[in-house]
Amino acid sequence: MVSHTGSALQKHTLLWFIIAVSQCMAAQGCGSHYEYAIEEFCLAKFKLDMEELDQRQWCSWEDTVELYGELTNCTYLVALNMGCYWPNRMVDEFFIRIHKHYFHDCSMSGRLLRDPPNRILGPFIVVPILVTLLMTALVVWRSKRSEGIV
């Protein structure tokens, strides 16, 4: 005799299994046709658009956000027209390749990391040092002054 909670758990597990299998089958059903379509339609246009940009602009989110959005939408529309599940494993691998080729030198913020100029960095170093010295002098002066008061 199966308890009510055990039966519900089995149904829940079966439901998740069916969803996972159907999603995998949808992604697998597209196979090489989907991969070929996104390479030919989406990637080809993205490559041309990126070649028009100077390579120094590749890490600038402002310069690439529209191109990247178009690429994403293209992969979605191709999947929709082919009856494929989106996103899927092939789309993930496709975008990993895109990132490895075009954005591998970019930081997470989209900007190249570098030290600020000395005119900006200097005050952030000098001011805390001066405040520390001033406070130390003030404490010493105050402690010597109060020694004579009873």
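pLDDT is the predictor's confidence in each residue, from 0 to 100. Keep that in mind as you work through these exercises, since this is a predicted model.

**Exercise 1. Find which element of the protein has the lowest mean pLDDT and which the highest.**

Solution.
- Start with the whole protein: the average pLDDT is 77, and 73% of the residues score at least 70.
- Now go element by element. H1 has the lowest mean, 67, while helix H3 (residues 89–102) has the highest, 89.
- Then look at residues 14–23, where the pLDDT is below 50. Beyond near neighbours in sequence, this stretch makes 1 contact in the model.

**Exercise 2. Locate the disulfide and describe what it links.**

Solution.
- Count first: there is 1 disulfide in the structure.
- Next, name the partners. They are Cys 42 and Cys 74, with sulfur atoms 2.0 Å apart. A pair counts as a disulfide when the sulfur atoms are within 2.5 Å, so this pair qualifies.
- Place each partner in the chain. Cys 42 sits in helix H1 (residues 4–52) and Cys 74 in helix H2 (residues 61–82). The two are 32 residues apart, and the pair links distant parts of the chain.
- Check the handedness: the angle about the S-S bond is -80 degrees, and the link is left-handed.
- Finish with the surroundings: Cys 42 and Cys 74 are both buried.

**Exercise 3. Decide whether Thr 75 is buried or exposed, and list what surrounds Thr 75.**

Solution.
- Find the residue: Thr 75 belongs to helix H2.
- Apply the cut-off. Buried means under 20% relative accessible area. Thr 75 has 0%, so Thr 75 is buried.
- Look for a partner of the side chain: that of Thr 75 reaches the backbone oxygen of Thr 72 at 2.7 Å.
- Now set aside neighbours within four places in sequence. Thr 75 is then in contact with Tyr 34, Ile 38, Cys 42, Trp 86, Val 91, Phe 94 and Phe 95. One of these, Cys 42, is already familiar as a disulfide partner of Cys 74.

**Exercise 4. Work out which elements build the largest nonpolar core, and which residues touch the most other members.**

Solution.
- Begin with the membership: this core has 26 residues.
- Pick out those that touch the most other members: Tyr 34, Phe 46, Met 50, Ile 98 and Phe 103.
- Turn to the elements. H1, H2 and H3 each give two or more residues, and H1 gives the most, with 8.
- Zoom in on Phe 46. Not counting residues up to four places away in sequence, Phe 46 touches Leu 67, Tyr 68, Leu 71, Ile 98, Tyr 102 and Phe 103.

Definitions and conventions
Residues numbered from 1 in each chain as written. Predicted model: local features only at pLDDT ≥ 70, side-chain atom pairs only at ≥ 80, totals over all residues. Heavy atoms only, no water. Helix = DSSP H or I, 4+ residues; strand = E, 2+ residues; numbered from the N terminus. Buried < 20%, exposed > 50% of the residue type's maximum accessible area, 1.4 Å probe, protein only. Polar contact = N/O pair within 3.5 Å; in protein donor to acceptor, adjacent residues only side chain to side chain. Contact = heavy atoms within 4.5 Å. Core = buried A, V, L, I, M, F, W, Y, C linked by side-chain atoms within 4.5 Å.
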